[in-house]
Every structure is written in structure tokens, then in C-alpha cells.
Amino acid sequence: MAISGIIDTPKAATTNSVDTTSKTSTDSVQADQDKFMKLLVTQLQNQDPLNPMDNAAMTSQLAQLSTVTGINKVNATLESLRTDIASTQSSTAISLIGKGILVEGKGIELNTSTAEDGTKSSSSVFGIDLPSDAQSVTINIQDKNGKTVRTMSMTNAEAGTYPITWDGTTDAKTTAAAGSYTFTVEASNAGSKVTATPLQLAAVASVSTGSGGVKLNTSLGHFAMSDVKEVL
């Protein structure tokens, strides 16, 4: 496989979280069990001596206790898992602040910088995501008028996410002006179309949490952790 501008980037590291709800959940289950037992004992103490509770009724009461306790333990475990997952996602999201992420989108921002010696250079980062292997991939970068200024190609690309850099060089060997561009991607394998997803770069500025879960607040808007295809 050959393409100019592919860059390798590390994956975001996850952070282990501490379970702060397991003890509370266990206490809640134990409290429900204690209440049930107190009611059962009270019922036995106040039963009619001439018509005591038979073994079948006693067994039924204990079976109900076992069922209620089991359901409460399952609920407590699920709640603990949900809290652990949310905590882990929050920790991971916070570690992304200040970093770039690739999310679905067709935008490219070409930036120009000037070195101390006065030399100017341009750079941009975008990407593509291939759901399956592709023998041929064609990327067309277009200016605001829809004119193609640069065409890139890949061959024998495996399934996966590919960050790509563009230094602003056009097909005419000139340097494109700094600014906003868009791109399209077409891929095929053995004559069949492969639906490739275009990815654009977003800078993570902050993290927010709420009923909708953890959100990454970026220069392009709000994204869920599941929207992130690559961390740069």
C-alpha cells in the first residue's frame, strides 16, 4: 500500500476508576433483606397459636425473600457497572483535552506557519475510515468553489482508520492558500464499492457530562466518545 502523508498516532490511554458505589449498593440490598426478615419474624410472633403458619406458607415466604434479594443484587450490580463505565469514560475524556481527534466529516483546515528564518510551510490533517480492505482508494481535495486542487491515492489498503496529512501542495505543484477545504473519498475492492467514511480533525477544548453521557466539546461541536475514530 502506498500513500503520501500517512501518520501513525498513539491510541488514547484509559484510566482505571475506583468503584465508589459497591458498598452503598450492598448496604441497600442488606437493608431490604433485613426489613423482609423483620416482617416475617413479626408475623410469626403474632400468629394464632391454634392456627400457625404451615410449612408450605413458610417455604413460600422464604422463596419470596430469596427472589427479592436476588433481584436487588442484580440491580445493584448493574448500577455499579453503569457507574464504573461512566467514571471510566469521564476519565478517558478528560485525558483528551488539548488533543486532536478524528470524527466523521469532510472538512480540512490548511494552516500556514512561518519559521524564524522566514520560511513558510503549510499543514493539515484529516483522515478516512475503511470498513473493509480496498484495492483502490482515491481522495479528492476541493476548494470552496468545488474545484479539485489535489488528488491522492492509496492501493491495497487494509480495513482501518488512516490519518492523512496534506502540506498544501496542489496537483499543479503550487501551494494552496491557507483556509477551509473539503474532500471526497472513493474506494473499491475487486470491482465492488467500499463505503469509506471521511474524517475531519477536531480539537478537544473541554468535557461535559449529563443525562446524555460524556460529551467532548470541540472546535466543531459536541461529540460522544463513540464518535471518535482516532486520537492524534
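Which strand is Asn156 found in? Select Asn156 and look: the residue is in strand E5. Keep in mind that this is a predicted model.

**Stop 1: Asn156**

Stay on Asn156 for a moment. Its phi is positive, about 50 degrees, although Asn156 is not a glycine. Is Asn156 buried or exposed? Asn156 counts as exposed because its relative accessible area is 53%, and the cut-off for exposed is over 50%.

**Stop 2: the whole protein**

Now zoom out and show the cartoon. Count two helices and twelve strands. Begin at the N terminus: two α elements come up, and then the β elements follow.

Next, colour by burial. Of the 232 residues in the protein, 30% are buried. Turn on the surface. The accessible surface comes to about 14000 Å². Carbon and sulfur atoms account for 52% of that surface.

How far along the sequence do contacts reach? Take the contacts between residues at least 6 apart in sequence: 68% of them join residues at least 24 apart.

**Stop 3: the salt bridge**

Side chains of opposite charge can pair when their charged atoms come close. How many salt bridges does the structure hold? There is one. Select Asp171 and Arg150 to see it. The closest N and O atoms of this pair are 3.8 Å apart.

Trace the chain between the two partners. Arg150 is in strand E5, which covers residues 148–157. Asp171 is in the loop between strand E6 (160–166) and strand E7 (179–189). The partners are 21 residues apart, and the pair links distant parts of the chain.

Now compare their surroundings. Arg150 counts as buried because its relative accessibility is 16%, and buried means under 20%. Asp171 is partly exposed, with a relative accessible area of 43%.

**Stop 4: the aromatic pairs**

A pair of aromatic rings is described by the distance of the centres and the angle of the planes. The structure holds two aromatic pairs.

Select Phe126 and Phe183 to see one of them. Their ring centres are 4.7 Å apart. The planes make an angle of 50 degrees, and the pair is tilted. Phe126 is in strand E3 (residues 120–130), while Phe183 is in strand E7. These two residues are 57 apart along the chain, so to speak of distant parts being linked is fair. Both Phe126 and Phe183 are buried.

Move on to Trp166 and Tyr181. This pair is edge-to-face, with 85 degrees between the planes. Centre to centre, the rings are 5.3 Å apart. Trp166 is in strand E6 and Tyr181 is in strand E7, 15 residues apart. Trp166 is buried, and Tyr181 is buried too.

**Stop 5: Pro163**

Go along strand E6 to Pro163. Is Pro163 buried or exposed? Pro163 is buried, with a relative accessible area of 4%. Add Leu201 to the selection and draw a line between the two C-alpha atoms. The line spans 9.3 Å, and the residues are 38 apart along the chain.

**Stop 6: Ala190**

Finish at Ala190. Where does Ala190 lie? Look in the loop between E7 and strand E8 (192–194). Ala190 has a positive phi of about 55 degrees, although it is not a glycine. Its relative accessibility is 61%, so Ala190 counts as exposed.

Key. Residues are numbered from 1 along each chain as its sequence is written. This is a predicted model: local features need pLDDT of at least 70, side-chain atom pairs count only at pLDDT 80 or more; totals for chains, interfaces and linings use all residues. Side-chain values use heavy atoms; hydrogens and water are left out. A salt bridge is a side-chain nitrogen of Lys or Arg within 4 Å of a carboxyl oxygen of Asp or Glu. Helices (H or I, at least four residues) and strands (E, at least two) are DSSP runs, numbered from the N terminus. Buried means under 20% relative accessible area, exposed over 50%, partly exposed in between (1.4 Å probe, protein chains only). Contact means heavy atoms within 4.5 Å. Accessible areas come from the Shrake-Rupley method with a 1.4 Å probe; for residues, only the protein chains shown count as cover. Rings of Phe, Tyr and Trp (its six-membered ring) pair if their centres lie within 6.5 Å; planes under 30 degrees apart count as stacked, over 60 as edge-to-face and the rest as tilted.
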